[in-house]
Amino acid sequence: ARQALIAPSILSADFARLAEEAAAVGGPDGADWLHVDVMDAHFVPNLTLGLPVVKSLRKATEIPLDCHLMIEDPDRWAVGYAEAGAYNVTVHAEAAGDPVKIAKDLRAAGAKAGLSVKPGTPLESYVDVLKHYDTLLVMSVEPGFGGQSFMPEVLDKVRTARRLVDTGHLKLVVEIDGGINADTIEQAAEAGVDCFVAGSAVYDGKDPGKAVRALRRQVLD
Ligand code: DX5
Ligand code: ZN
């Protein structure tokens, strides 16, 4: 079934005020998931936050946490995020040694399992692996930084994934991440996205809650 989930990314929030920034997108018509970008300065050329911050954030908000691990060796680290109470833990296909085992570990720890592909990574190689996953995160920018421009060429992967889900071959939430804003969200929705990550479009403005509602309204219309 198609959904229109909005997942604000706290990468563009004020890291010294994370609880307030989460509250700003909370509430009944607020964020469906809170997207948490974990970067290790190795898989991507940027460093953000890790397990201690996720553990604290889990206590500070009721919004389900969507942890996007842009890290090397997710085989070792991913399950810790599930144990910390993340709702969904997404690892990168390019970094995963044994993606099927990771998915099983995540589910056994009570989380949804997500697999992400960078813009240049084809979906074909991962179709069988994706049978073990709950979420597919299609990157629509090179991972590492917020505020980059949307890459429409990745929408072909979204269409392929949508087809595989709609024909019953896979059961996945199709999520997109990077450059999603008022100008790009509709083409992503038309291609078949269920869950939209938005960082700068939500947190760069004065009213993050209003930005979340406006994005959702655009894809529901
Ligand atoms: C980038 C991160 C994204 C980022 C998106 O590597 O994975 O989640 O926060 O930021 P925007 O929405 O500004 O492109
Ligand atoms: Zn992300």
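This report covers the annotated sites, the ligand shell and the nonpolar core of the structure above. The model is predicted.

**Annotated residues**

An unreviewed UniProt entry marks a "binding site" at His35, Asp37, His68 and Asp177. These residues span 143 positions in sequence, yet no two of their C-alpha atoms are more than 10.6 Å apart, so they gather at one spot. The unreviewed entry also places an "active site" at Asp37 and Asp177. That pair spans 141 residues in sequence, with C-alpha atoms no more than 10.6 Å apart, so the two gather at one spot.

Where do Asp37, His68 and Asp177 sit, and how many C-beta neighbours surround each? The table sets this out.

| Residue | Strand | Other C-beta atoms within 10 Å |
|---|---|---|
| Asp37 | E2 | 24 atoms |
| His68 | E3 (residues 65-70) | 29 atoms |
| Asp177 | E7 (residues 173-177) | 26 atoms |

The cut-off for burial is 20 or more other C-beta atoms within 10 Å. Asp37 has 24, so it is buried. His68 has 29, so it is buried. Asp177 has 26, so it is buried.

**Contacts at the site**

The contacts below leave out neighbours within four places in sequence. His68 is in contact with three annotated residues, namely His35, Asp37 and Asp177. His68 also contacts Val36, Val38, Thr90, Ser116 and Leu137. Asp37 contacts Ser9, Leu11, Thr48, His68 and Met70. Asp177 touches His68, Leu137, Met139, Ser140 and Val197. His68 thus appears in the contact lists of Asp37 and Asp177. Leu137 is in contact with His68 and with Asp177.

**Around ligand 1**

Which residues come nearest to ligand 1? Of the 22 residues around it, they are Ser9, Leu11, Gly146, Gly199 and Ser200. Ser9 and Leu11 are also contacts of Asp37. By class, the shell holds eight nonpolar, twelve polar and two charged residues. Three elements each supply at least two shell residues: strand E2 (34-39), strand E8 (195-198) and helix H7 (200-203). Strand E2 is also the strand of Asp37.

**The nonpolar core**

In soluble globular proteins, nonpolar side chains tend to be buried together. Here the largest nonpolar core has 71 residues. Val89, Val158, Ala188 and Phe196 touch the most other members. Beyond its neighbours within four places in sequence, Ala188 contacts Leu155, Val158, Ile176, Ile180, Val193 and Phe196.

Conventions
Residues numbered from 1 in each chain as written. Chains lettered and ligands numbered in written order. Predicted model: local features only at pLDDT ≥ 70, side-chain atom pairs only at ≥ 80, totals over all residues. UniProt positions renumbered as here; feature names shortened; annotations may be inferred. Helix = DSSP H or I, 4+ residues; strand = E, 2+ residues; numbered from the N terminus. Buried ≥ 20, exposed ≤ 12 C-beta atoms within 10 Å, placed from the backbone. Contact = placed C-beta atoms within 7 Å. Core = buried A, V, L, I, M, F, W, Y, C linked by C-beta atoms within 7 Å. Near = placed C-beta within 6 Å. Nonpolar A, V, L, I, M, F, W, Y, C, P; charged D, E, K, R; others polar.
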